[in-house]
Every structure is written in structure tokens, then in C-alpha cells.
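Please find below a short note on how some of the helices in this entry pack against one another. The points are numbered for ease of reply.

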Amino acid sequence: MRLSSPRLATKNIQAQRGRRSAASAASAASAGGSAPRKCLTQSFAVVKFSSDPQRDFRDSMEEMIAENNINSSKDLEDLLACYLSLNSNEYHDVIVKAFEQIWSDLTDRRRHESHKPRHCR
């Protein structure tokens, strides 16, 4: 996550209003499937206050997926493992719930895309 991003500024404002949780972010990593495997060496935990930790974890995971072009099931599982290893057990249930939402959304999107009619020319 870029430190100067508007998203981070918004989160900093929200952080002052909510309860304490930890969210994970990664430093700029190379695109492709290698980022999750390098998660622990290229990542850091950001301690913050949050009124909605599950949403914050989900937003962070979605950002990592988009920035690193993560598509495969294995890379998604590695990303989950990364978040679990970077955060205390206290937040594991919230992280898993956020991940389940993302997994479900991606599965639904893939299913929908595979059923789109293909136009022939």
C-alpha cells in the first residue's frame, strides 16, 4: 500500500474513530504470482484502529490481489497464509471471513464469465 495514497489517508481518519486491529499491507512487489510466496519477506504489519476490521482486511487483500495480479487458487491460499502469519490469532476468524467473501466473489465472477455467450464473426 502506498503511504501517500488517499485510501490510506481515509483509513487513518477512520482509525482514530474505531477499535484497534491489525491489518496487513505489502511493499511494492513485482507483478505476477510470486508476490504471495515472498509475502513474509516483503510485507509488514500495520497496526491501526478500525470500526470494521473485516472490511479493512478485505480491502487490503483485494488491493494485494489487484496489485500483484493474483489469479490462481494456490496464490490466493498463499495470500491467506501470509495474512494469518502476519496477524495475531485474535484476528484470524475475521481474516478468514474476509478471505471467504473474496473467494466467493471471485468464484461467482469466474462462473458468470464462463457462461457469457461468445460472439462469432
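**Helix packing around α5**

1. Helix α4 passes α5 in a right-handed crossing. This reading, like those that follow, comes from a predicted model.

2. The axes of α4, which spans residues 73-86, and of α5 come within 10 Å and cross at roughly 160 degrees. Because angles over 145 degrees count as roughly antiparallel, α4 and α5 are therefore roughly antiparallel to each other.

3. On the α4 side, the contact is made by Ser73, Leu76, Glu77, Leu80, Tyr83 and Leu84, while α5 contributes His92, Ile95, Val96, Phe99, Trp103 and Leu106. Sorted by class, the residues of this contact of α4 with α5 are 9 nonpolar, 2 polar and 1 charged.

4. Helix α3 (residues 53-67) also packs with α5 (residues 92-114), their axes coming within 8 Å and crossing at roughly 50 degrees. With an angle that lies outside the ranges for roughly parallel, perpendicular and antiparallel pairs, α3 and α5 are therefore oblique to each other, and α3 passes α5 in a right-handed crossing.

5. In this second contact, Pro53, Gln54, Phe57, Arg58, Met61, Glu62 and Ile65 of α3 meet Val94, Ile95, Lys97, Ala98, Phe99, Gln101, Ile102 and Asp105 of α5. The residues of the contact of α3 with α5 divide into 9 nonpolar, 2 polar and 4 charged.

6. Which residues of α5 deserve a second look when the two lists are read together? Ile95 and Phe99 are among the α5 residues that meet α3, and Ile95 and Phe99 also take part in the contact with α4.

Methods
Residues numbered from 1 in each chain as written. Predicted model: local features only at pLDDT ≥ 70, side-chain atom pairs only at ≥ 80, totals over all residues. Heavy atoms only, no water. Axes fitted to C-alpha atoms, helices over the stretch in contact; angles between N-to-C directions. Helix = DSSP H or I, 4+ residues; strand = E, 2+ residues; numbered from the N terminus. Parallel < 35°, antiparallel > 145°, perpendicular 65-115°, else oblique. Left-handed = near helix turned anticlockwise from the far one by under 90°. Contact = heavy atoms within 4.5 Å. Nonpolar A, V, L, I, M, F, W, Y, C, P; charged D, E, K, R; others polar.
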